[in-house]
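Thanks for coming. I will walk through one structure today, a few places at a time, and you can follow along on the screen.

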Amino acid sequence: MGPPMGLMVRQLPRLKPFSRLQIILQHLNMSKTTDSAAEVLLEKRGCAGVITMNRPKALNALNLPMIRQIYPQLKTWEKDPETFLIIIKGTGGKAFCAGGDIRAITDAGKVGDRLAQDFFREEYILNNAVGTCQKPYVALIDGITMGGGVGLSVHGHFRVATEKTLFAMPETAIGLFPDVGGGYFLPRLPGKIGYYLALTGFRLKGRDLQKAGIATHFVESEKLPALEEDLIALKSPSKENVADVLNSYHMKCKIDQEKQFVLDEHMDKINSLFSANSMEEIIQNLKQDGSPFALKQLETINKMSPTSLKMTLRQLREGASMNLQDVLTMEYRLSQACMSGHDFYEGVRAVLIDKDQVPKWKPATLEEVTDEFVDNCFKSLGNSDLKL
């Protein structure tokens with residue numbers, strides 16, 4: 001199966017989109033650490049509480065034991081008068097966090113195990129804690145940052161990208177949707193960038209994260225230890241003090257300074273083609289446009305789960321006017337619809353288990369995914385709804 005475990009992030013972009021996703025998902029499932037206490041390191045250093053995700057062989061994929069360690073510590077530090085700042089990072093040099101522990105969720109969902117409920121519920125509660133954190137929250141998103149890793153970073157005050165950062169929300173390729181609050185942050189990105197990223201799984205790298213509005217700062221990867229030390233050395237810092245330190249590093253960073261935003265030349269097309277009210281209209285727009293860019297997007301979208309595409313477009317359209325809590329409540333309903341459906345298990349089978357890259361989606365076409373079916377995915381779960 002593809003390149004060995006030692007694969008460096010910078011090699012990923014040269015592979016085909018699906019093999020890249022396959023490698024990332026493969027990494028998520030290589031590590032079966034028995035000592036769960038070592039999967040997250042929680043330290044008080046100077047003025048800061050530091051969270052380090054420590055599953056480097058699994059690209060720091062987020063599992064339920066990790067969530068159950070991070071959440072209570074985050075809430076404790078938030079209340080602690082001696083903690084002025086929270087920093088979150090990953091070990092290993094390849095990833096901040098490449099996503100949720102897909103394999104464990106798949107195995108649980110197939111047999112109706114509670115993990116398929118508990119994981120999403122507790123992950124979203126943690127995402128909300130990041131989004132509502134009263135202390136400055138700094139995510140050092142060095143390396144692969146996808147899915148669950150986005151949820152641990154994007155809702156915080158500060159997100160520091162590096163030249164090694166690789167961002168994507170590739171969920172529609174495995175029968176899911178861009179969750180962890182994707183319905184909140186994606187539609188709030190400039191123009192229709194968020195819709196484009198959500199539906200196609202397009203990857204952003206390095207400085208482009210800041211240009212797209214996902215990262216707040218851009219710093220050389222090798223400068224992160226010094227940046228962290230400068231943050232930790234601050235005496236009872238305010239959010240402004242933290243911002244000053246981050247700004248000073250950002251201003252000194254010269255990497256790719258003159259480089260044009262990767263989507264710049266396509267923004268007019270993205271904004272017009274992805275502004276339609278339905279997936280069928282978006283497909284129609286792409287076909288009618290007929291440009292190489294539009295046809296490439298059409299080819300990508302045609303590989304995705306039709307159910308996921310319809311679910312995702314509605315998620316973003318509704319999420320655009322909701323607060324984060326309401327978005328996460330909506331997304332929990334969608335997560336459970338995916339767990340009780342077909343496409344998630346089929347997507348994971350095709351990309352991760354059999355690796356044939358040919359998922360058999362059911363329904364197989366957008367036309368067969370009825371409005372009634374999509375409506376049902378968004379319906380309240382009553383007592384089982386997510387409570388924030």
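**Helix pairs, buried faces and a few odd backbone spots**

I start with a helix pair: the axes of helix 14 and helix 15 (residues 324–339) cross at roughly 170 degrees and come within 11 Å. Helix 14 and helix 15 are therefore roughly antiparallel to each other. Before I go on, please keep in mind that this is a predicted model.

Which residues make the contact? On the helix 14 side they are M311, Q315, E318 and G319, and these meet V327, M330, E331, L334, A337 and C338 in helix 15. The loop between helix 14 and helix 15 holds S321. Is S321 buried or exposed? S321 counts as exposed, because its relative accessibility is 68%. S321 and K44 are 277 residues apart along the chain, and their C-alpha atoms are separated by 37 Å.

Here is another pair, with another angle. Helix 3 (residues 102–110) packs with helix 4 (residues 115–131) at an angle of about 135 degrees, and their axes are 8 Å apart. That angle makes helix 3 oblique to helix 4. The residues that meet are A104, I105, A108 and G109 from helix 3, and L115, A116, F119 and F120 from helix 4. As a reminder, the angle between the axes and the distance between the axes are what describe two packed helices.

Now to helix 12, which covers residues 279–289. Which of its residues are buried? M279, I282, I283 and L286 are. Those buried residues lie on the same side of helix 12, because they cover an arc of only 100 degrees around the axis. The background is simple: with 3.6 residues a turn in an α-helix, residues three or four places apart point the same way. What do the buried residues of helix 12 pack against? They pack against helix 7 (193–200), helix 11 (267–273), helix 13 (292–301) and helix 14 (306–319). Just after helix 12 comes G290, which takes a positive phi of about 70 degrees.

Helix 13 can be read in a similar way. Its buried residues are F293, A294, Q297, L298 and I301. Seen down the axis of helix 13, these fall within an arc of 140 degrees, so they line one face of the helix. The face turned away from that buried side carries P292 and K296, which are exposed. Helix 7, helix 11, helix 12 and helix 14 are included in what covers the buried residues of helix 13.

Next, the backbone. For orientation, a negative phi is what most residues other than glycine have, and most peptide bonds are trans. L59 has a positive phi, near 55 degrees, and is not a glycine. Its place is in the loop between strand 2 (48–53) and helix 2 (64–79). L59 counts as buried because its relative accessibility is 2%. N60 is not a glycine either, and its phi is positive, at about 55 degrees. N60 also sits in the loop between strand 2 and helix 2. With a relative accessibility of 0%, N60 counts as buried.

And the peptide bonds? One cis bond joins K362 and P363, with omega at about -5 degrees. P363 is found in the loop between helix 16 (343–353) and helix 17 (371–377).

Then the cysteines. How many disulfides does the structure hold? Zero. Why is C97 not bonded to C133? The closest cysteine sulfur to that of C97 is the one in C133, and at 18 Å it is too far for a bond. C97 is buried, with a relative accessible area of 0%. C377 is in no disulfide either, and its nearest cysteine sulfur, in C338, is 7.0 Å away. A disulfide would need the two sulfur atoms within 2.5 Å. C377 counts as buried, at 5% relative accessibility. C338 has already come up, as one of the helix 15 residues that meet helix 14.

Last, the annotation. An unreviewed UniProt entry places the feature "domain: Enoyl-CoA hydratase/isomerase" at residues 49–378. Over residues 49–378 the chain is 49% helix and 10% strand. The end C-alpha atoms of that stretch are 37 Å apart.

That is what I have; questions are welcome.

Terms used
Residues are numbered from 1 along each chain as its sequence is written. This is a predicted model: local features need pLDDT of at least 70, side-chain atom pairs count only at pLDDT 80 or more; totals for chains, interfaces and linings use all residues. Side-chain values use heavy atoms; hydrogens and water are left out. Buried means under 20% relative accessible area, exposed over 50%, partly exposed in between (1.4 Å probe, protein chains only). UniProt positions are given in the numbering used here, feature names are shortened, and annotations may be inferred rather than shown by experiment. Helices (H or I, at least four residues) and strands (E, at least two) are DSSP runs, numbered from the N terminus. The arc is that of the directions from the helix axis to the C-beta atoms. Contact means heavy atoms within 4.5 Å. Axes are lines fitted to C-alpha atoms, for helices over the stretch in contact, and angles run from 0 to 180 degrees between N-to-C directions. Angles under 35 degrees count as roughly parallel, over 145 as roughly antiparallel, 65 to 115 as roughly perpendicular and the rest as oblique.
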